[in-house]
Amino acid sequence: MRLAGSGIFDMNLGFEELLLLASIVVPTVVSICLFTGVVTSDEAAKKLAYVGFGVPFVSGVLLFLWFEGAVGADYKYEVLFDRTGLQELGITFHLGLNGVSSPLFAMAGFVGLAAGLAAIHSGAERIRLYLALLTLMQAGLMGFFASVDLFFYFLFHEFALVPTFIMIGLWGGRDRRSVALEITIYLTLGALIVLGGLVALNVMGDAEKFDFPTLVHLLSTTALGESAQFKIFGLLLLGFGILVALFPFHTWAPRAYSAAPTSVSMLHAGVLKKFGLYGLVQVAVPLLPSGAAQWSDFLIWLALGNVLFVGLVTMAQNNLKSMVGYGSVMHMGYCFLGVATCSALGAGSVVMLMTAHGLSVALMFLVGTFVYRRCGTFEMDEMGGLGTKTPVLACFFLAAAFATIGLPGFGNFWGEFGIFMSLGENPGTRFALVLAVIGIIISAIFGLRAVAKVFFGEQTEEFAEFEKENPVKDLNLVEMLPAGLLVAALLLLGLWPRTISDRVNAEIGNRYQAFESSVPGSLPACCALTAEEPEVKEGIETNGAAVEATEESSKPKAGDHD
Amino acid sequence: MDITTGTLLLIPLASAATILLFFRQNGKIASYVSVAAAGAILLLSLQIIFSESASADSESGDAIVDSGVTWLEIADFKIVADFQIDDPEANNESKALLFVVSFVGFLIHVFSLGYMADDAGKARYFGGLSIFMFSMLGITLADNLIIIFVFWELVGFSSYMLIAHYFHTKEASDASKKAFIVNRVGDFGFLIGIVLTYWIFGTVNLSELSQLMAADPARATTGIALALACGFIGKSAQFPLQVWLPDAMAGPTPVSALIHAATMVAAGIYLLARIDFLFTPEALSFIALLGAAMGLYAGFCALVQRDIKKILAYSTLSQLGYMAAAFGLGLEGVALFHLATHAFFKGLMFLGAGSVIHSCHHEQDIFKMGGLRSRMPVTANTFLIGVLAISGVNFFSGYFSKDAILLGAYNLNLPVFVVLYLGAILTAFYMFRLYWIAFCGEPRSKHVAEANESPSVMTWPLIILAVLSAIGGFEALWPEALFAAFHTDLHVVHGMPGHLWMVVLGTFAWVAGALGSRRLYGQAGNEDPLMEKAPALFQLCSSKLFFDEIYNFYVTSIQQRVARILEVLELLFISGLMVRGSAGAAGLFALFGKSFYLGRIHGYAFWFLIGVVGFLAYAAGWFGHF
């Protein structure tokens, strides 16, 4: 492990480091230009916005491709400025990517470009301001995945969060004001709690710096006490839980997503919401292993709330956009389950699922909006029969729906499968496996229900009425481009998961191994990673019960065709 | 994965991708691409089947060790893409299925050229067929439960797409959704079974598992076996998940023939045969009973159907029940043999039905047909061969495979035998019923009276399948490489006592069924005579024991209502109290702040500021260490 920052002041940046820096600086500069009115025409603003979203995309892809052999707990492409003015407080501007953040960083670039393209061609009013806020958001998103310093990690998140409030307030749909106010307060509260947790981590760890490697180094040599870990992890979990929409803190999300303009929903649900999970996987669990272990059982139940409770609520949605919103909250439950296993497998699978889910939920919001443009509504009961008119859109929608459902061939499958695997690894969490797998039925129900309601069957009267005035056309090239981008990435992850899994594995394996050995063997049963031979017997017994449950719950569900 | 296996999988995938990307608008080219792919698959499969058998002896030693590409590795979880046609253990079973899939698949592709000639969605249809071939070959060749599961889901997807071919109809829309979701219910257990297998046995590679189990058979548990069998129950539409298959007939008829009769539904049986070593005696008897019950139940359901495809669908359910029963009796070779002969004769009959439907302008009600024997002689005669084969008429293919199951049951499990035997009489009865009503007598509607024989692109597949249905039971006619999978268990059955009895009983079953139905339906009009003669039986059979009604009730009245109640609860308590509550409390502070400086949205900035100050304060250590 390399301790970065001890006196290093490296201004001789290479091309890669510059690229990393550019992914944050360029959208910020674009945003400033648009804000300050340097650019006066809408056309020029759009051109500039291409740059603002294009650079992070290129940077994300290139840095992803160039990222070689992760060594674990080490960062590539490091950029470090010591003199932030806050160096006395241990705050340095420190960027870099490791095996966990690099796939997410690339994903943020992908989703950002797709959302940006959608925004540029959205025809929104006051487009310059809209793009200014969106590029600012993009800068923040790229920033928090690239930050090594916890302070900037948090700060960049706020960069991304603030514009969402404003954009929902100004360009949102129904109830935009109350939604904007509600999530402003609520999410800020969550962020504050996170901040409290991070500060506590720093203070308790006696760290002189907010630098992540410093903390790792410190805490792996002298772990915090049990109760301190319990408190800090609880704080972080609460804060991150609010931000990621952990049950029962989730209700803001569907409301916000259905009110928000498409590009904001795409970026928020796809990328911004991953902030909390990323924090848990990258920071909280490895640094506070015993804290995580103590909260694990509790977290499993909350996460099951996401999968089952929110899953059922999703099935009751007739509005396409809120269905997508609820669906995304439901799938966050899988991520939390993976986190709750406190295992390398769980954490690695969470990263896989986060990456894929970011792409798929963005795609879902995007194609949902395409449907809206053609039907004039998000109410699924007022659509129908769109498939014959827009076969290409139907194709993309099917791809999005089946990616969400977790069909093999799309990236989501491997993430979900890995999480199921991680739940099965330990006999203590096998009950959660059985409950969580019910989710694959639930997502199939709401996903296919949407496909059938929108594209299959006969056209409804409302839609026929609307179509008279607004002739329906299939996707044009401008619409196909962002959707195609996302589908291609999802397929790549699905067909060749090792695109990301190898580096995630190297990084996670190293990190989680490090803490496993550092914790004085007092992990509770559910978090013990050494569960092998002696527990096999127990496993078989549990298994009998599990199968009974299988039989039980498979019977009444058999007719779920609506 | 060696080069040939890889190519075999790539051909249909490439075909599907080409169609999707380039020939979406051009159905004609799409259909040729897909048929050419199916032809190439057939050739390559035959090459694999026959060349490997020569080399298997020399290479069998190291074949198992050879493993595929690592597909995914996270921590202690690793997926290796094992496609091991070389594995002598799995060899025979997969070769048999490979032959069935590629051969019947090719014939059905060719048939589709005629059947779908004028369809607007032709390109989508043939693309779907290619995806299906890809997924089905994947299941056939995979040697690893996780890889099987991947393709398992993909056949489910292609089945969904093809059932939804006429998606503008409500019927197809509902049926496709139902098929996928019900299959997911089965996959629920299957997935759990796979996960537990991985952690309890340390591997999901079938060759390794079989070695483990051979070393210590006591490690098998009924729980895991039954969890894995859930996959079979969903895919092969056995109790209690049988409801999707009859509805799936909403898809084009060749699809029903290929997916919902000959191959995909039979994949469930194949799965069982691949994991047989994981089954305990209890699990086996459970499957045997389940299968036998379906053999009889579906027969009764078929008895009163009017739709030619529904009759065949229920008959498929029933025959799958026979295969399951055979597996449960420990005779998996016999089950696979029946799988193969069933693929011939049921594929034949579905295609025959397709030929009829095609020339009768999509009339599917057999009571509106009649007299087709003279209008469509090739279709009628080949269909008759199918009927004779499935009824178990002596020396037709079904006779050998089904009577082997009956004889096995007779010696191993008498209750199962009784149920299956009743089912056999019923089979002959309802299959001949179909034949008498649809093909004999006088035409009962205009379109039928004007029907013409289908073009030769459709009749040739019928003829080829008819030949196989007729003679496919003779062991001597099968190449050794293909028959090896059936060989051992068939010989076990041949060694059992009671052959003569079985010949008498078997002959009685089909004669009774054929004559009985001739008597009842020989002069049928537009209505089902059974309705008058035995109204109680008719009602009972029509009700299908209310499975659909119960599930519908569950979905509309329980599941959907619970979902709505939860939605309301969520709004009231979580959203109302917790979020608004806490937001309200925080909002009070914000209000406080606002009165100092800021506007509504910017109340946020105030909080942020406090946060930063707090952060700096902590960092500077103003609050001391807690």
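**Exercise 1. A loop residue in chain A**

Is A:V39 buried or exposed?

*Solution.* Start with the ground rules. This is a predicted model, in which local features need pLDDT of at least 70, side-chain atom pairs count only at pLDDT 80 or more, and totals for chains, interfaces and linings use all residues. Residues are numbered from 1 along each chain as its sequence is written, chains are lettered from A and ligands numbered from 1 in the order in which they are written, and side-chain values use heavy atoms, with hydrogens and water left out.

Step 1: apply the cut-offs. Buried means under 20% relative accessible area, exposed over 50%, and partly exposed in between, with a 1.4 Å probe and protein chains only. A:V39 has 11% relative accessibility and so counts as buried.

Step 2: place the residue. A:V39 sits in the loop between helix 1 (15-36) and helix 2 (42-66) of chain A. Helices are DSSP runs of H or I with at least four residues, strands are runs of E with at least two, and both are numbered from the N terminus.

Step 3: list the partners. Contact means heavy atoms within 4.5 Å. Leaving aside neighbours within four places in sequence, A:V39 touches A:C33, A:L34, A:A44, A:A45, A:L48 and A:R128. A:R128 is 89 residues away in sequence, with a C-alpha to C-alpha distance of 8.5 Å.

**Exercise 2. Helix 17 of chain B and a loop contact**

Find how far helix 17 of chain B is enclosed, and which loop residue touches it.

*Solution.* Step 1: check the span. Helix 17 (residues 397-412) of chain B has 16 residues and reaches 23 Å from first C-alpha to last. That is close to the 22 Å expected. The expected span is 1.5 Å times one less than the number of residues.

Step 2: count buried residues. In helix 17 of chain B, 12 of the 16 residues are buried, so the helix is largely enclosed by the rest of the structure. Among them are B:I405, B:G408 and B:A409.

Step 3: look for the loop residue. B:L329 is in contact with B:I405, B:G408, B:A409 and B:L412, and also with B:A288 and B:N413, its neighbours within four places in sequence left aside. B:L329 lies in the loop between helix 13 (308-328) and helix 14 of chain B. Its relative accessible area is 13%, so B:L329 is buried.

Step 4: contrast with a distant pair. B:L329 and B:L388 are 59 residues apart in sequence and 26 Å apart in space, C-alpha to C-alpha.

**Exercise 3. Backbone exceptions**

Locate cis peptide bonds and positive phi values, then check burial.

*Solution.* Step 1: recall the background. Most residues other than glycine have a negative phi, and most peptide bonds are trans.

Step 2: take the cis bonds. One joins A:F247 and A:P248, with omega about 0°. A:P248 is in the loop between helix 8 (226-244) and helix 9 of chain A. Another joins B:F239 and B:P240, with omega about -5°. B:P240 is in the loop between helix 8 (222-235) and helix 9 (244-247) of chain B.

Step 3: take the phi values. B:A237 has phi near 55°. B:A237 lies in the loop between helix 8 and helix 9 of chain B. B:A237 is buried, at 0% relative accessible area. B:H361 also has phi near 55°. B:H361 is in the loop between helix 14 (332-359) and helix 15 (372-375) of chain B. At 53% relative accessibility, B:H361 counts as exposed.

**Exercise 4. A buried acid**

Which side chain makes a polar contact of 2.6 Å with that of B:D143?

*Solution.* Step 1: fix the criterion. A polar contact is a pair of N or O atoms within 3.5 Å; within protein, one must be able to donate a hydrogen and the other to accept it, and residues adjacent in sequence count only if both atoms are side-chain atoms.

Step 2: read off the partner. The side chain is that of B:R274.

Step 3: place B:D143. B:D143 lies in the loop between helix 4 (122-141) and helix 5 (145-163) of chain B. B:D143 is buried, with 0% relative accessible area.

**Exercise 5. Chain A in totals**

Summarise the fold of chain A in numbers.

*Solution.* Step 1: secondary structure comes to 22 helices and two strands. Step 2: of the 562 residues of chain A, 69% count as buried. Step 3: among contacts between residues at least 6 apart in sequence, 82% join residues at least 24 apart.
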